[in-house]
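Colleague: I've got a bit of time before my gel finishes. Could you walk me through this model?

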Amino acid sequence: MLYLMDFRENFTEKGFTNTFKIDFSNELLNLQELIYKSTKEYIVDHDTNLNLADKIKLPFKFVPEEKKWSEIMADINKSKELDFIIDSKGVQEKFKLIFKNPKRFVISTFRARFPNQKRAIYNWHQDEGTWFFSKNENTNFKNPATLWLSVNGAKSKESIQLIEGSHKTKLFNHEWVDGQGFFKIKNIKKNDLEKDTFNPDFEASEAVIFHPLTMHRSAPNESSNLRPRYSIDIRYYDNIDITKKLKVDFLFKLKKFLRLRS
């Protein structure tokens, strides 16, 4: 019971939970196997008898050509292996600690990121800002929480950064970033970033859940080691509308009103 209270209270007060481990059956192992089969031609020379979890931690010889890599990522994102993780009992049990009736959100994404890969480096943003303008009834006014799951482990310098208490301010105006979407807070003030930042290490199968208005970004990683960071953004929502309770930047709100009317 204490764990449940701490889990829910951290999400409500800090804007994110502490890191936690998800108990999978074979779902994570099956996805790791798919990743390895899809990428082994790029991995540095290695002992094929290595444990699977160790194989997907190995660095690449070079960053794959963008078109080919996009095809690999698309195949993984459409795979049953990824679906099984998103719908897994372990994932749903964690969302039930926050929501009374969690439902799967339409957007959950597998991501792979290399050090210094500009397109994969996301600036400070709030997840709600990325689809705030959407007219799609499947995304509009759902306000999903995000479970950030590490697939192959991630040190703090390559994981995710979250700003404590930032979900209690407002939904900021976001600007478009080519290749990403509305993934950058516009005209962010320095004092909005000078707060407690949560920047944890993750083992494979460890995760954190954060609020749709929590400011976060990819942790800058300038390593020369071409070890990819594999993660999944898993989103669930409940039958609540947080935008009725929290402030939204007026100009951003006006833009949404005009867009929905058009």
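Modeller: Sure, and keep in mind that this is a predicted model. One definition before we start: patches are made of residues with over 30% relative accessible area and no salt bridge, and nonpolar side chains are joined within 5 Å.

Colleague: Then which residues make the nonpolar surface patch of about 530 Å²?

Modeller: One of the patch members, Leu258, sits in helix α9, which covers residues 250–261. The nonpolar patch takes up about 530 Å² of surface, and its members are Phe250, Leu251, Leu254, Phe257 and Leu258.

Colleague: Moving inside, which residues touch the most other members of the largest nonpolar core?

Modeller: In soluble globular proteins, nonpolar side chains tend to be buried together. Here the largest nonpolar core has 40 residues. Another core lies apart from it, with nine residues, including Phe16 and Phe198. In the largest one, the residues touching the most other members are Phe110, Leu147 and Ile234.

Colleague: Take Leu147, then. Which residues is it in contact with, leaving aside neighbours within four places in sequence?

Modeller: Contact here means heavy atoms within 4.5 Å. With those neighbours left aside, the contacts of Leu147 include Lys94 and Asp233. The full set is Phe20, Ile22, Val91, Lys94, Phe95, Ala207, Val208, Ile209, Ile232, Asp233 and Ile234.

Colleague: Asp233 has a charge to deal with. Which side chain meets that of Asp233 in a salt bridge at 3.9 Å, N to O?

Modeller: Asp233 counts as buried, at 7% relative accessibility. Its network of salt bridges also takes in Arg111 and Asp127. The partner at 3.9 Å, N to O, is Arg235.

Colleague: And is Arg235 buried or exposed?

Modeller: The cut-off for buried is under 20% relative accessible area. Arg235 has 2%, so Arg235 is buried.

Colleague: What about Glu13: which residue does Glu13 form a salt bridge with?

Modeller: Glu13 is in helix α1, and its partner is in the loop between β5 and β6, 155 residues apart. Glu13 is partly exposed at 42%, and the partner is partly exposed too, at 44%. The closest N and O atoms are 2.7 Å apart, and the partner is Lys168.

Colleague: That loop between β5 and β6 also holds Ser166. Is Ser166 buried or exposed?

Modeller: Not counting residues up to four places away in sequence, Ser166 touches Gln126, Leu213, Thr214 and Met215. Its relative accessibility is 0%, so Ser166 counts as buried.

Colleague: How far apart in sequence are the parts that Arg104 and Asp83 tie together?

Modeller: Arg104 and Asp83 form a salt bridge, with the closest N and O atoms 2.8 Å apart. Arg104 lies in strand β2 and Asp83 in helix α5, so the parts tied together are apart in sequence by 21 residues.

Colleague: Which elements are included in what covers the buried residues of α2?

Modeller: The buried residues of α2 are Glu27, Leu28, Leu31, Gln32, Ile35, Tyr36 and Thr39. What covers them includes α3, α4, α5, β3 and β12.

Colleague: Last one: how far apart are the end C-alpha atoms of helix α2?

Modeller: Helix α2 has 13 residues, so at 1.5 Å a residue it should span 18 Å. The model agrees with that, and the end C-alpha distance is 19 Å.

Methods. Residues are numbered from 1 along each chain as its sequence is written. This is a predicted model: local features need pLDDT of at least 70, side-chain atom pairs count only at pLDDT 80 or more; totals for chains, interfaces and linings use all residues. Side-chain values use heavy atoms; hydrogens and water are left out. A salt bridge is a side-chain nitrogen of Lys or Arg within 4 Å of a carboxyl oxygen of Asp or Glu. Helices (H or I, at least four residues) and strands (E, at least two) are DSSP runs, numbered from the N terminus. Buried means under 20% relative accessible area, exposed over 50%, partly exposed in between (1.4 Å probe, protein chains only). A nonpolar core is a set of buried Ala, Val, Leu, Ile, Met, Phe, Trp, Tyr and Cys residues joined through side-chain atoms within 4.5 Å. Patches are made of residues with over 30% relative accessible area and no salt bridge: like charges are joined within 9 Å, nonpolar side chains (Val, Leu, Ile, Met, Phe, Trp, Tyr) within 5 Å. Accessible areas come from the Shrake-Rupley method with a 1.4 Å probe; for residues, only the protein chains shown count as cover. The expected span of a helix is 1.5 Å times one less than its number of residues.
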